Amino acid sequence: METFKLKIDDRQINAGGGDTVLQAALKAGIYIPNLCYDPRLAPYGGCRMCIVEIEGTRGFPAACTTRASDGMVVKTYGPQLDRLRLDTLELLLSDHPTDCLTCPGNQRCELQKVASFLGYNQRSLKPRKSDHPIDDSNPFFNLDRNYCVLCARCVRTCDEVTGINAIELINRGDESRVSTFAGSRLAESECRSCGECMVSCPVGAIHAKNSPVATEETATICPYCGVGCGIYLGTRQGKIVSVRGNEASPSNRGSLCVKGRFGINEFVHHSERLKSPRVKKEGGFESAEWEEALRIAGDKLSGYKPEEVAVIASAKATNEDNYVLQKFTRAVLGTNNIDHCARL
Amino acid sequence: MGLNSLRKESIHEWNEVLNPSRPQIFVGMSTCGEASGVVAVNKAIQDGLEEHGIDAVVNKTGCLGICYCEPLVDIIKPGKPRISYRSVEKTNVSGLLKDYILDDNPRPDLALGAWGQEFKGIPDLFELDFMKFQVRIALRNAGVINPENFSHYLARGGYQGFEKALDMDPEEIIAEIEKAGLRGRGGAGFPTGMKWKLCRKSRNFPKYLICNADEGDPGAFMDRSLLESDPHSVLEGMLIGAYAIGCSRGFIYIRAEYPLAIKRLKIALEHMKRHHLLGENILGSGFSFDIEIREGAGAFVCGEETALMKSIEGQRGTPYSRPPFPAQAGLWGKPTNINNVETWANVPVILEKGAGWFNRHGTEKSKGTKTFALAGKVNNTGLIEVPMGMTLEKIVYAIGGGVCDGKELKAVQTGGPAGGCLPLAKLGLTVDYESLAEAGSIMGSGGMIVLDEDDSMLETARYFLAFIQEESCGKCVPCRTGTRQMLAILDTFIKGRGKPQDIETLLSLGDSIKKTSLCGLGQAAPNPVLTTINYFRGEYEKGINPKLLRAKAHQ
Ligand SMILES: Cc1cc2nc3c(=O)[nH]c(=O)nc-3n(C[C@H](O)[C@H](O)[C@H](O)COP(=O)(O)O)c2cc1C
Ligand code: SF4
Ligand code: SF4
Ligand code: SF4
Ligand code: FES
């Protein structure tokens, strides 16, 4: 990759071919306030928080929609920039509730981060009351439009990352809002409940229904299917309370499906979860050790002719496990009777 | 495979109109005419001809721009000049037909003017104040020919520019447009030749061409009138541009609220197809090009070029940041050249008559002419085309006939919703891109509204700001929320409850919105408020809550 140098706030920075000014700055540890930027999405330029000054360029371009280039000289702060950003923030907050403590986005909110970075400390414009009903039809997350900053990250994620396009912005101007097709509730829409939009939402507008804050995180692999998405399991008091996609994992780059994102804690801690093999004895199942279970299975299988046996593989197993299983079926059991469930 | 023989026939046909063997009647049938009752007049003409047993040809024509005299009907009798009759009503049609066509009384009482000469007490149309200061280049055929008749366009020099272009190198054509100094008429005044050159340079194919006919400014109707009156002038311009740049597909993005313009464009496109001016291997030159009409759903922001392209692609019409410019990556990521209706209409004439002829008109930096929709409290309202550099004063007083009812002029609003209000003191200003911008307004697409002493500047600013606020796409914060906040503050002044410090709030908020908005809509949104504060601060001060003023005095 071609690399070059540019100057941001008097620091020499290295940047790569496709980097925007915002990306180059963030990589170098220089924070520029931003809200509608998500590294997974195409540049948007809606929130106008990331405006900068660039030598030789008129006005105040947005860092997230401006390509970095060799020799560029960028300023990210200054009296004029600070004032303009505060005005924009002030406008944004005049459309936003201020009950941060009771907001599900509290402490994770990028708007709070921007506001504290800019030293916002008093409301001077008249706020607008909004009372959109909360869409709580989805089993895993709620959509509360009253907190929405219209950054369109959810909409763009559902398009650019998941390809589902379940949601879109409708209406115009300050009547704009996030909507499903024909305005149905999320549960009745095309939405697959993957929660990708929720992850991208910078504020509390799309929030998980039940999300205690984890005290510890462990990197692991999602147990649900052969894709093997990298995840972080968040735990608290010995229990899994959250799941987060691992952006560094090559198989999912942070994305997850509904099962991985919302289905792990429940089944891991479920009272009826199977934790050991079970063997049928005198009409009922009983827990057994692996050794015993395998011996019984082996003994019984030896009693059948190949054409009397069939094997069903599982999509929950890895590709490698499924490969071994079909090898075992064909080479050891001597039959082609192998199929798979192809669903979870 | 040229158009020569067809042109010869067309000239013949056109001469038969100008020096007819039987009377020719032209009825001004465009949307403005329709609004003033021309459909009923047209019917009355048919009835009248039958009633009196007159054998005459009835033609439609477009709009001469003389709105204050609509409906307009022209009559050409054998051996006589074309006479335009003003404010024709269905009740006086029969009498007029009988008096003039049968009894040879041209009825000077009903006439507006005779074309090119004084005639029996009827003044020369082009010597009327409204007409004599105009230079009609883009509007050269408007109200003259039948826009649905290809021969008429051809006979008046149509497609000569294009045929000339086909004999030139594309680079030569672009150089000619550059030399002419043509600048975009859609608002920003970007040099057209330079735009074409950028797009031509790109090695990415296919390339697209767009005619921007969205015309969303309230009160603006230049583009509609032009398309209704002379669609081929725009289409020929597009053809020349496509050939020069190397585009293979063109789009006309036109608002769906312009049904008559769409109908006439469709008819004109049919003519072009029939005469090998569209499709594969145009006129045997090896150059192929097609034009499609795309109807917009009536969002002002879709006139902004990036939003317009999104809309053509079938997406939500919201702007995005440039670069990349359309010339680099536009429609479907391909190089795209977009120009305004009026820009396109100027192109054929430049090719036909040469850059030197064109750039004789105008100022040092703003060449040629500009059309304006002159409206408001002015005696002669209408669509005018004047050389760049004419003063506002001349437009309002000489062409517009001054302010209605002898009132005092207070301000002239130019540039549409993104423009500004210029006070009496600025009337000496010349109308060109630079001067208007310096005074805090813009040329825009050509709205010009005259305000008199009774008009409130606050209400005027509110009208435009409210429009912009409704039309903001909502993508970026300053425009989406800022315009609403400004409007709310402005309303307190209108109600006489303004806070003294809020004049400053409006100024600083306006400044921020201009500097931080994503697209031209937001960047210009505060202009109506900022210019009225600048020039009419007193009216804002009158809107301050008197109690608050007293409280302040006590402090
Ligand atoms: C909010 C907004 C609305 C616009 N509307 C129009 C329009 O209706 N017609 C038009 O020709 N240009 C319009 N423009 C300008 C276009 O973006 C573009 O500059 C123009 O079509 C380029 O053509 P020109 O170079 O021939 O002027 C608009 C721009 C903005 C910012
Ligand atoms: S949960 Fe997934 S499918 Fe549903 S709206 Fe969000 S991103 Fe789209
Ligand atoms: S719901 Fe969240 S992600 Fe979607 S537009 Fe609103 S703030 Fe942005
Ligand atoms: S300035 Fe207004 S119209 Fe333009 S992108 Fe922003 S919100 Fe949309
Ligand atoms: S992060 Fe750049 S405009 Fe929102």
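# Reading contacts in a two-chain model

Me: I've clicked on ligand 1, and a nitrogen atom of it is 3.3 Å from a polar backbone atom of Gly303(B). What distance counts as a polar contact?

Reply: Two N or O atoms within 3.5 Å make a polar contact, so the 3.3 Å from the ligand 1 nitrogen to Gly303(B) qualifies. Keep in mind that this is a predicted model.

Me: Which residues have a backbone atom that close to an oxygen atom of ligand 1?

Reply: Try Glu215(B): one of its polar backbone atoms is 2.9 Å from a ligand oxygen. Arg185(B) also has a backbone N or O atom 3.3 Å from an oxygen of ligand 1.

Me: And how many residues surround ligand 1?

Reply: There are 18. The closest are Gly186(B), Lys195(B), Asn339(B), Asn340(B) and Thr343(B).

Me: OK, over to ligand 3. What kinds of residues make up its shell?

Reply: For a shell, sort the residues into nonpolar, polar and charged. Around ligand 3 you get 12 nonpolar, no polar and one charged. That shell has 13 residues, and the closest are Cys148(A), Cys151(A), Ala152(A), Cys154(A) and Cys201(A).

Me: Now the place where the chains touch. How many residues does each chain bring to the contact?

Reply: Chain A brings 30 residues and chain B brings 28. You can also look at area: about 2,400 Å² is buried between chain A and chain B, with 50% of that coming from carbon and sulfur atoms.

Me: Which three residues supply more of chain A's buried area than any other three?

Reply: Those are Arg48(A), Leu91(A) and Arg172(A), with 27% of the area that chain A buries against chain B.

Me: Arg172(A) has a charged side chain. Which residue does that side chain meet in a salt bridge?

Reply: Here you look for a side-chain nitrogen of Lys or Arg within 4 Å of a carboxyl oxygen of Asp or Glu. The partner of Arg172(A) is Glu471(B), at 3.3 Å from N to O. The count between the two chains is four salt bridges. Polar contacts across this interface come to 19 residue pairs.

Me: Which helix or strand gives the most to chain A's side?

Reply: Helix H2 of chain A does, with seven residues. H2 (79-93) and strand S6 (167-170) each supply at least two residues there. By kind, chain A's side divides into 12 nonpolar, nine polar and nine charged residues.

Me: What about aromatic rings? How many pairs are there over all chains?

Reply: The count is 19. To read one, check the angle between the ring planes. Tyr224(A) and Phe267(A) have centres 5.3 Å apart and planes at 65°, and since over 60 degrees counts as edge-to-face, that's the label they get.

Me: Why does this pair tie together parts that are 43 residues apart in sequence?

Reply: Because Tyr224(A) lies in the loop between strands S9 (216-221) and S10 (230-236), whereas Phe267(A) belongs to helix H7 (residues 264-268) of chain A.

Me: Last one: the backbone. Which peptide bonds should I check for a cis form?

Reply: Look at omega. From Glu70(B) to Pro71(B) the bond is cis, with omega near -10°, and Pro71(B) lies in the loop between strands S2 (57-61) and S3 (73-76) of chain B. Arg322(B) and Pro323(B) are also joined by a cis bond, with omega about -5°. Pro323(B) is in the loop between helix H13 (305-312) and strand S9 (336-340) of chain B.

Technical notes:
Residues numbered from 1 in each chain as written. Chains lettered and ligands numbered in written order. Predicted model: local features only at pLDDT ≥ 70, side-chain atom pairs only at ≥ 80, totals over all residues. Heavy atoms only, no water. Near = heavy atom within 4 Å. Contact = heavy atoms within 4.5 Å. Buried area = accessible area lost by both parts, 1.4 Å probe. Polar contact = N/O pair within 3.5 Å; in protein donor to acceptor, adjacent residues only side chain to side chain. Helix = DSSP H or I, 4+ residues; strand = E, 2+ residues; numbered from the N terminus. Phe/Tyr/Trp six-rings, centres within 6.5 Å; stacked < 30°, edge-to-face > 60°.
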